[in-house]
Amino acid sequence: MKEVRVGLIGTGYMGKAHAIALRAMPAVFPVDARVICELLADPVAQRAEKYCREFCFNRWTDDWQALVADEAVDVVDICAPNFLHYDMAMAAIAQGKHVYCEKPLSLSAEQSLEMTEAAEAAGVKTLVGYNYAKNPATALAKEIIESGEIGEVIHFRGTHIEDYLADPSIPYSWRLQRKMAGLGALGDLCHIINMAQLLVGGIEQVCADMQTVIKRRPIVGSDDMGEVENEDQAHMMMRFTAGAIGTIECSRVAHGRKLGLTYEVTGTKGSLVFDQERQNELQFYSAADASNRQGFRTILVGPEHPDYAAFCCAPGHGLGFNDQKIIEVRDLIEGIVNERAIWPDFRAALAVDNVNAAAERSFLEQRWVNV
């Protein structure tokens with residue numbers, strides 16, 4: 001049995017989600033590989049030691065460069081702030097390591113292109129953490145679309161709106177600085193762009209608007225206020241390569257929305273509606289139903305749908321956020337061990353970043369822009 005030894009950089013919210021998935025995946029999916037949580041890195045030594053123990057890793061370090069260079073590490077798993085992704089990934093690729101990176105891939109489409117080309121030239125596997133695309137309900141939606149059950153797709157409407165920065169008293173942080181975070185709501189909540197590309201295909205033109213609602217925030221330990229340098233909310237109209245049109249909106253200041261990732265896909269024969277806050281349900285409408293029986297029906301995800309049965313043998317019991325990460329890790333390990341293509345890889349993440357770059361250019365130039 002092949003061993004896949006993972007080095008995890010970062011111990012925050014996403015670092016913990018990755019650690020849970022790395023540990024749980026072999027118990028859920030019969031992958032012919034032994035996943036070893038080998039080395040954990042955090043810049044604060046006490047924190048690195050603490051989470052090494054809690055996350056069940058073999059060793060820890062306070063130097064991410066030492067982790068990347070360690071001969072016992074096969075996969076570099078990056079759960080660090082956005083501005084570190086480029087340096088960490090490029091260093092890992094130079095060492096011939098596979099890279100599992102959280103989104104957004106980098107601070108710019110130019111950096112993402114360089115990372116993508118470097119990984120492809122080195123022949124290493126890559127995976128980017130667009131985990132909502134791994135939801136069995138969305139896998140079912142893709143099956144329905146590809147089978148032609150809702151006909152030709154003519155429209156996509158998507159949102160990813162949350163309220164994690166809706167309170168103006170929330171302190172200034174790296175997420176609000178261009179040099180450290182890149183874009184704001186569009187960069188952080190770009191899952192919905194990835195979702196649109198998964199379900200409908202390439203996006204070729206956008207027309208976007210962006211706004212910073214809360215322009216200054218308090219700096220911890222100071223009477224000064226920090227200037228917010230990226231957008232709190234954005235929306236765009238889109239034209240897809242296949243002919244459909246659509247809209248996307250992103251917000252980090254939408255009171256009451258905790259995980260407002262939603263999509264509605266309209267076809268010539270029916271429609272699909274999904275809400276990640278009800279992630280085990282897919283709404284399906286068929287125009288083929290008798291006129292006195294038409295209406296959206298709720299499909300509860302169960303063992304007959306993609307990947308669900310590996311977790312639970314009973315329908316309607318439901319999966320959660322971390323289960324999507326487990327599916328994501330399964331795809332990573334199978335791709336490495338069996339030399340399979342992995343999606344979404346750096347190339348797919350670059351496609352998202354290209355849309356974001358076009359959206360910002362559209363806003364600045366006040367016009368439709370080609371992606």
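**Cysteine 56.** I looked up the exposure of cysteine 56 in this predicted model. Its relative accessibility is 41%, so I entered cysteine 56 as partly exposed, a class that lies between the cut-offs of 20% and 50%. I then checked the backbone: phi of cysteine 56 is positive, about 65°, and the residue is not a glycine. I noted this because most residues other than glycine have a negative phi. Cysteine 56 sits in the loop that lies between α2 (45-54) and β3 (59-61).

**Aspartate 307.** I entered a positive phi for aspartate 307 as well, near 75°, again in a residue other than glycine. I found aspartate 307 in the loop between β16 (297-300) and α10. Buried or partly exposed, I asked of aspartate 307? Its relative accessible area is 26%, so aspartate 307 counts as partly exposed.

**Cis peptide bonds.** I went on to the omega angles, since most peptide bonds are trans. The bond from lysine 103 to proline 104 is cis, and I read omega near -10°. Proline 104 belongs to the loop between β5 (98-101) and α5 (109-122). I also recorded a cis bond between tryptophan 343 and proline 344, with omega of about 0°. For proline 344 the location is the loop between α10 and α11 (346-365).

**Helices α1 and α10.** I next took up the packing of α1 (residues 13-28) against α10 (residues 321-337): the angle is about 65° and the axes are 8 Å apart. Roughly perpendicular begins at 65 degrees, and I therefore wrote down α1 and α10 as roughly perpendicular to each other. The crossing of α1 past α10 is right-handed. I listed the residues that make the contact: α1 supplies Tyr13, Met14, Ala17, His18, Ile20, Ala21, Leu22, Ala24, Met25 and Val28, while α10 supplies Phe321, Asn322, Lys325, Ile326, Val329, Arg330 and Ile333. Sorted by class, this contact has 13 nonpolar residues, 2 polar and 2 charged.

**The sheet.** I traced an open sheet of 9 strands with mixed pairing, and its order reads β16-β15-β14-β13-β7-β12-β11-β8-β17. Which strands stand at the edges? They are β16 and β17 (369-370); each has a single partner strand, so one side of each is left without a neighbour in the sheet.

I followed the β17 end residue by residue. β17 pairs with β8 (residues 203-211) in the antiparallel sense, over 2 bridges. Valine 206 is placed opposite valine 369 of β17, and glutamine 205 has asparagine 370 of β17 as its bridge partner. β8 also runs antiparallel to β11, and I noted 8 bridges joining these two strands. Methionine 210 stands opposite alanine 234 in β11.

**Helices on the sheet.** I then looked up which helices lie against these strands. α11 packs on the sheet and touches β8, β11 (233-240) and β17; its direction makes about 55° with that of β8. α6 (residues 136-146) packs on the sheet too, touching β7 (153-161), β13 (260-267), β14 (270-275), β15 (281-286) and β16. I entered about 20° for the direction of α6 against that of β15. I added that the edge strand β16 is among the strands touched by α6, and that the edge strand β17 is among those touched by α11.

Definitions and conventions: Residues numbered from 1 in each chain as written. Predicted model: local features only at pLDDT ≥ 70, side-chain atom pairs only at ≥ 80, totals over all residues. Heavy atoms only, no water. Axes fitted to C-alpha atoms, helices over the stretch in contact; angles between N-to-C directions. Helix = DSSP H or I, 4+ residues; strand = E, 2+ residues; numbered from the N terminus. Parallel < 35°, antiparallel > 145°, perpendicular 65-115°, else oblique. Left-handed = near helix turned anticlockwise from the far one by under 90°. Contact = heavy atoms within 4.5 Å. Nonpolar A, V, L, I, M, F, W, Y, C, P; charged D, E, K, R; others polar. Buried < 20%, exposed > 50% of the residue type's maximum accessible area, 1.4 Å probe, protein only. Pairing = 2+ DSSP bridges.
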